[in-house]
Amino acid sequence: MDVITKRVILITDGDVYAKKTIQLVAKHYGGRCISASFGNPTLLSGEELVKLILQAKSEPVFVMFDDSGFLGEGAGERALRYVATHEQIEVLGVIAVASKTHQSEWTRVHITVDRDLQVSSHGVDKSGIQEMDIGRINGDTVYCLDELHFPLIVGIGDIGKMARRDDVKRGAPITSKAVEIILERNGYDVSQWNGKSTDITEADE
């Protein structure tokens with residue numbers, strides 16, 4: 001009997017803005033958002049999240065993780081680590097979200113998308129503005145990303161915000177760009193979705 005595997009995209013944010021944005025983006029790109037992964041901080045365990053992921057009707061599956069500013073490895077990162085290393089999960093990439101933390105944690109990123117949709121090797125801050133640092137961002141739920149050796153980590157500012165430039169009413173263009181980069185790197189033809197609009201009221205729960 002074949003073992004079921006699911007392709008997932010991990011997001012290191014889980015507040016209400018992230019939920020609305022990821023629901024929209026997942027639907028637009030034919031995937032599924034695990035809305036139950038929403039939470040600030042993450043409430044579900046890694047085991048519970050894997051069960052929900054494996055039940056998803058379409059791929060890629062978008063999963064949110066949030067430590068709510070906890071220093072070190074909090075509940076969100078413990079869940080992320082479990083999901084990322086599970087034998088039935090294939091991680092296509094990670095969207096690492098920049099934040100202002102009291103004692104900043106940071107992670108290496110392969111590329112970033114800033115608030116002007118520019119792709120570069122520079123870091124970005126919470127507002128999506130490019131920083132001087134190369135290949136790293138400060139964030140909340142990013143403590144363990146370096147250890148897990150993901151194929152692609154894309155850094156962006158605060159999902160659904162960035163001075164409203166990533167607002168769902170605008171189609172969340174910055175988050176969408178990050179998702180497209182991950183999908184293209186994994187062989188998806190994103191042109192099939194270009195020009196299509198998505199009604200947020202229809203977004204999958």
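Two strands pair if DSSP finds at least two bridges between them. Helices (H or I, at least four residues) and strands (E, at least two) are DSSP runs, numbered from the N terminus.

Before you click, some housekeeping: this is a predicted model, where local features need pLDDT of at least 70, side-chain atom pairs count only at pLDDT 80 or more, and totals for chains, interfaces and linings use all residues. Residues are numbered from 1 along each chain as its sequence is written, and side-chain values use heavy atoms, with hydrogens and water left out.

**Stop 1: a hairpin**

Select 122-134. Strand β8 (residues 122-124) and strand β9 (residues 130-134) run antiparallel, joined by two bridges. Look for H122, whose bridge partner in β9 is I134. The two strands make a hairpin with five residues between them, and in the turn G128 has a positive phi of about 85 degrees.

**Stop 2: the sheet**

Now show the strands. Seven of them form an open sheet with mixed pairing, and the order across it is β2-β3-β1-β4-β11-β6-β7. Which strands sit at the edges? They are β2 (32-33) and β7 (119-120), each pairing on one side only.

Walk inwards from β7. Strand β6 (residues 111-113) runs antiparallel to β7, with two bridges between them, and T112 stands opposite S120. On to β11: β6 pairs with β11 in the parallel sense, again over two bridges, and here T112 has G155 as its bridge partner. Next, β4 and β11 run parallel and are joined by four bridges; V94 and I153 stand opposite each other there.

Stay on β11 and show its side chains. In a regular strand the side chains alternate between the two faces of the sheet. I153 and G155 point one way from β11, V154 and I156 point the other way, and all are buried (buried means under 20% relative accessible area, exposed over 50%, partly exposed in between, with a 1.4 Å probe and protein chains only).

**Stop 3: two helices**

Select 173-185, helix α5. This helix packs on the sheet, touching β1 (6-11), β3 (61-64), β4 (89-97), β6, β7 and β11 (153-156). Contact means heavy atoms within 4.5 Å. The direction of α5 makes about 150 degrees with that of β4; axes are lines fitted to C-alpha atoms, for helices over the stretch in contact, and angles run from 0 to 180 degrees between N-to-C directions. Among the buried residues of α5 are I174, V179, I182 and L183. Just after the helix comes G187, with a positive phi near 90 degrees.

Then pick helix α1 (residues 16-28). Its end C-alpha atoms are 19 Å apart, which agrees with the 18 Å its 13 residues should span at 1.5 Å a residue (the expected span is 1.5 Å times one less than the number of residues). The buried residues of α1 include A18, I22, L24 and V25, and what covers the buried residues of this helix includes β1, β2, β3 and α5.

**Stop 4: loops**

Zoom in on G30, in the loop between α1 and β2. How is G30 placed, buried or exposed? Neither: G30 is partly exposed, because its relative accessible area is 38%. Not counting residues up to four places away in sequence, G30 touches S58, E59 and W193.

Compare D158, in the loop between β11 and α5. D158 counts as buried because its relative accessible area is 7%. Leaving aside neighbours within four places in sequence, its contacts are D13, D15, V97, A98 and K126.

**Stop 5: unusual backbone**

Most residues other than glycine have a negative phi, and most peptide bonds are trans. Try N40 to P41: that peptide bond is cis, with omega near 15 degrees. Another cis bond runs from E59 to P60, with omega near 0 degrees.

Now select H149, where phi is positive, near 55 degrees. H149 is exposed, because its relative accessibility is 67%. M162 also has a positive phi, near 55 degrees, but M162 is buried, with a relative accessible area of 2%.

**Last stop: charges over rings**

A charge sits over a ring if NZ of Lys or CZ of Arg is within 6 Å of the ring centre and within 35 degrees of the ring normal. Show K19 and F38: the charged end of K19 sits over the ring of F38, 4.8 Å from its centre. Finish at W106, where R136 lies over the face of the ring, 3.9 Å from the ring centre.
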